[in-house]
Amino acid sequence: MNNKKVNSKIKVFIIVIMLVFIVIILKVFYIQVFEYNKLNTLANSLWSRNLPIEADRGLIYDRNGVVLANNITTTSLVLIPNQIKNKKEVTEKLAKVLNISYDKMKDHVYKKTSIERVHPYGRRLNYKKAKEIDDLKLEGVYLVRESKRNYPYKNMLSHTLGFVGIDNQGLSGIELQYDKYLTGKYGAIKYLSDAKGGKLKLTETYVAPQNGVNITLTINKEIQSSVERELDNAVTKYNPDNALAIAMDPNNGEILAIASRPDFDASNYKNYSDEVLNRNLPIWSTYEPGSTFKIITLSAALNENLVDLDKDTFYDSGSVRVANAKIRCWKRGGHGAQTFLQVVENSCNLGVNTGTLLNL
């Protein structure tokens with residue numbers, strides 16, 4: 001009996017052990033097959049680091065391929081605080097090059113983060129400052145490529161093109177309206193680091209950035225230049241509060257040129273007030289149509305064959321009463337008898353607006 005009990009217990013024990021092994025094998029299989037990507041990503045995040053590389057923003061062209069907005073390559077300062085051994089020395093040297101206080105630089109150098117952008121003092125550095133930093137050969141200090149938006153024709157088409165912020169994000173105009181297309185995708189230099197953040201001497205991987213989509217406008221740069229020049233002449237001669245102009249292709253409604261005054265230099269938009277930046281007058285300001293609407297009423301009458309420009313006549317006495325209002329012609333005493341073609345030529349208020357409407 002005792003032997004039977006022992007054998008029975010041994011069998012139960014073996015079965016339990018086998019079940020445990022089966023569970024372990026199934027768990028390992030599940031981790032290796034179904035959880036691999038998730039765990040691999042988590043593991044890589046512990047020792048993989050990226051130095052970001054900014055993509056070029058999409059170009060903006062006129063209808064003939066003239067570049068109205070492009071990019072200039074610059075460099076920016078990035079720190080890996082865990083790789084900086086002598087933090088005091090690095091803080092002092094970088095503060096001197098960037099011409100900022102020790103305390104401001106210290107906030108970046110001593111920050112508990114894997115990667116630290118020195119913003120805004122270390123952004124879009126000119127060649128001289130970038131070279132000074134590079135010559136220092138400081139451990140944990142990197143210069144990464146960035147692009148800066150550039151408008152080669154300065155103030156030209158400024159309200160329509162708009163401008164971008166320090167992070168190349170669209171803030172107004174075409175730059176804002178089509179920002180999701182113009183903005184590219186960041187690339188990176190990938191490297192491996194130890195648990196303390198120190199860079200391992202292993203091969204780096206370069207992931208190229210994806211540049212933004214280019215955009216072509218209906219604007220004709222030559223016509224735009226002419227419009228801009230004439231607006232400047234008008235402002236110089238008459239000193240108005242503002243001035244605006246639009247050139248449109250009447251065949252399809254395409255805008256060939258659009259401009260207003262006051263304007264601004266998009267590369268230095270911070271030097272201008274919100275009133276200047278946010279008022280694209282040709283689309284922002286509203287006016288009564290005035291005499292331009294006379295063409296609408298006359299066109300309607302012609303379309304319905306109710307008026308013959310050469311044969312039908314209208315007598316302009318100078319004024320006419322409609323309901324309780326007295327409508328006057330711009331010419332005192334009126335134009336007298338005239339054909340409807342002469343009505344248009346004279347821009348006769350009563351002939352076009354009143355005479356035509358009566359026919360309609």
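Student: What makes S12 and S13 count as paired strands?

Tutor: Pairing takes at least two bridges between the strands. In this predicted model, strand S12 (residues 319-322) and strand S13 (residues 325-328) are joined by 4 bridges and run antiparallel, so the pair meets the definition. Across the pair, Ser319 stands opposite Arg328 in S13. The hairpin of S12 and S13 has 2 residues between the strands, and Ala323 takes a positive phi near 55° there.

Student: How do you know that S9 and S10 pair too, and in which sense?

Tutor: Strand S9 (residues 243-248) and S10 pair in the antiparallel sense over 6 bridges, and the definition asks for at least two. Met248 has Ile255 as its bridge partner in S10. This hairpin has 6 residues between the strands, with Gly253 at a positive phi near 80°.

Student: Why is S10 called mostly covered?

Tutor: Strand S10 spans residues 255-261, and 6 of its 7 residues are buried. Buried here means under 20% relative accessible area. Over the 360 residues of the protein chain, buried residues make up 36%.

Student: Why is His159 called buried?

Tutor: The relative accessible area of His159 is 9%, so the residue counts as buried, since the cut-off is under 20%. His159 has its place in helix H6 (residues 158-161).

Student: What makes the link from the His159 side chain to Val276 a polar contact?

Tutor: A polar contact needs N or O atoms within 3.5 Å. The His159 side chain reaches the backbone oxygen of Val276 at 2.7 Å, and that of Arg279 at 3.2 Å. Both distances fall within the cut-off, so both can be listed as polar contacts. Leaving aside residues up to four places away in sequence, His159 also touches others, including Gly173, Ser260, Pro262 and Phe264.

Student: What makes a set of residues a nonpolar core, and which residues have the most contacts inside the largest one?

Tutor: The residues must be buried, of the nonpolar kinds, and joined through side-chain atoms within 4.5 Å. The largest such core has 20 residues, and those with the most contacts inside it are Ile60, Tyr151, Leu157, Leu161, Phe163, Leu217 and Phe264. Strand S3 (67-79) and helix H10 (274-277) each supply at least two residues of this core. Another core, of 17 residues, lies apart from it, with Leu98, Met105, Val109 and Val141 among them. As background, nonpolar side chains tend to be buried together in soluble globular proteins.

Student: Which residues does Tyr151 touch?

Tutor: Not counting residues up to four places away in sequence, its contacts include Leu68, Ala69, Leu161, Phe163 and Ala266.

Student: How do you know that Cys329 is in no disulfide?

Tutor: The structure holds 0 disulfides. For Cys329, the nearest cysteine sulfur is that of Cys348, 4.1 Å away. A disulfide needs the two sulfur atoms within 2.5 Å, so this pair does not qualify. Seen from Cys348, the nearest cysteine sulfur is that of Cys329, again at 4.1 Å.

Student: Are these two cysteines buried or exposed, and why?

Tutor: Cys329 has a relative accessible area of 8% and is therefore buried. Cys348, at 0%, is buried as well. Both values are under 20%, so both meet the definition of buried.

Terms used. Residues numbered from 1 in each chain as written. Predicted model: local features only at pLDDT ≥ 70, side-chain atom pairs only at ≥ 80, totals over all residues. Heavy atoms only, no water. Buried < 20%, exposed > 50% of the residue type's maximum accessible area, 1.4 Å probe, protein only. Polar contact = N/O pair within 3.5 Å; in protein donor to acceptor, adjacent residues only side chain to side chain. Contact = heavy atoms within 4.5 Å.
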